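Let's work through a protein chain together, one small exercise at a time. Have a look at the structure first, then try each task before you read its solution.

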Amino acid sequence: MADQRSGVYPPIAKLVPHGPPVRALERLREWEPGRAVCEVRVTRSLPFVHDDRLASVITLEYMAQAVAACLGHEAYVGRGAEVRVGMLIGVRQMKLLEPFVEVGDTLDVLVERIRGNEDVSTFRGETRVGNTLVTTAHMTVFHGRTPPED
């Protein structure tokens with residue numbers, strides 16, 4: 001379990017039930033119930049990077065992964081439970097404020113629960129490079145089942 005005071009959290013692989021190369025997030029940097037900040041460094045090895053740029057629309061996937069990290073850590077802290085596989089079922093009000101993110105940039109990915117219950121939640125998300133807001137979106141997520149053991 002993570003020590004909230006020190007900012008030490010489990011590895012992102014324990015919180016986000018995706019394998020590479022789909023799982024792009026590198027770490028959970030901040031967490032409190034219903035809110036998380038994660039980060040990903042844009043590299044040439046990430047899917048969808050072309051000509052040293054990543055189209056900002058792809059950051060929706062990173063926001064969805066940050067929701068998974070938020071809920072995954074919440075499961076560990078609150079219930080000692082395994083993370084569950086979820087599904088992004090709706091996106092509203094997505095704004096692409098920058099067309100691309102460059103290789104070498106570090107994206108901060110913030111998500112915050114607006115409302116929800118045990119089965120479905122709505123999160124507000126945003127991505128930033130430094131102080132530059134890149135994208136925002138409202139995402140509705142279905143909380144699925146615990147993934148099967150390998």
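Below are five exercises, each with a worked solution.

This is a predicted model, in which local features need pLDDT of at least 70 and side-chain atom pairs count only at pLDDT 80 or more, while totals for chains, interfaces and linings use all residues. Residues are numbered from 1 along each chain as its sequence is written, and side-chain values use heavy atoms, with hydrogens and water left out.

**Exercise 1. Get an overview of the chain.**

Find how many helices and strands the chain has, and in what order they run.

Step 1. Helices (H or I, at least four residues) and strands (E, at least two) are DSSP runs, numbered from the N terminus. The count is two helices and nine strands.

Step 2. Reading from the N terminus, the order is α-β-β-β-β-α-β-β-β-β-β.

Step 3. Now look at burial: buried means under 20% relative accessible area, exposed over 50%, and partly exposed in between (1.4 Å probe, protein chains only). Of the 150 residues in the chain, 39% are buried.

Step 4. Turn to contacts, meaning heavy atoms within 4.5 Å. Of the contacts between residues at least 6 apart in sequence, 65% join residues at least 24 apart.

**Exercise 2. Explore the nonpolar core.**

Work out which element gives the most residues to the largest nonpolar core.

Step 1. A nonpolar core is a set of buried Ala, Val, Leu, Ile, Met, Phe, Trp, Tyr and Cys residues joined through side-chain atoms within 4.5 Å. The largest one has 32 residues, and those with the most contacts inside it are Leu25, Leu28, Tyr62, Leu107, Val111 and Met139.

Step 2. The elements that give two or more residues to this core are helix 1 (12-15), strand 1 (27-32), strand 2 (35-41), helix 2 (59-79), strand 7 (106-116) and strand 9.

Step 3. Helix 2 gives the most, with eight residues.

Step 4. Zoom in on Val111: leaving aside neighbours within four places in sequence, its contacts include Ala36, Met63, Phe123 and Met139.

**Exercise 3. Follow the partners of strand 9.**

Find how many bridges join strand 5 to strand 9, and over how many strand 8 and strand 9 pair.

Step 1. Two strands pair if DSSP finds at least two bridges between them. Strand 5 (residues 86-96) and strand 9 run antiparallel and are joined by eight bridges. Here Leu88 has Val141 in strand 9 as its bridge partner.

Step 2. Strand 8 (residues 120-129) pairs with strand 9 over ten bridges, in the antiparallel sense. Along this pairing, Arg124 stands opposite His138 in strand 9.

Step 3. Strands 8 and 9 form a hairpin with two residues between them, and Gly130 in the turn has a positive phi of about 60 degrees.

**Exercise 4. Put the open sheet in order.**

Give the strand order of the open sheet of three strands and name its edge strands.

Step 1. The order is 3-4-6, with antiparallel pairing.

Step 2. Strand 3 (49-50) and strand 6 (100-102) are the edge strands, since each pairs on one side only.

Step 3. Strand 4 (residues 53-55) is joined to strand 6 by three bridges, and Leu54 has Val101 as its bridge partner there.

Step 4. Finish with Glu102, which lies in strand 6. Glu102 counts as partly exposed because its relative accessibility is 39%. Leaving aside neighbours within four places in sequence, Glu102 touches Val42, Asp52 and Arg53.

**Exercise 5. Track down salt bridges.**

Decide whether Glu39 is buried or exposed, and which residue's side chain it meets in a salt bridge.

Step 1. A salt bridge is a side-chain nitrogen of Lys or Arg within 4 Å of a carboxyl oxygen of Asp or Glu. The structure holds nine of these.

Step 2. The side chain of Glu39 meets that of Arg29 at 2.8 Å, N to O. This pair links strand 2, where Glu39 lies, with strand 1, where Arg29 lies.

Step 3. Glu39 is buried because its relative accessible area is 14%, whereas Arg29, at 24%, counts as partly exposed.

Step 4. Widen the view: Arg27, Arg29, Glu39 and Asp108 are linked in a network of salt bridges.

Step 5. For another example, Arg113 and Glu74 form a salt bridge of 3.0 Å, N to O. Arg113 is in strand 7 and Glu74 in helix 2, 39 residues apart.
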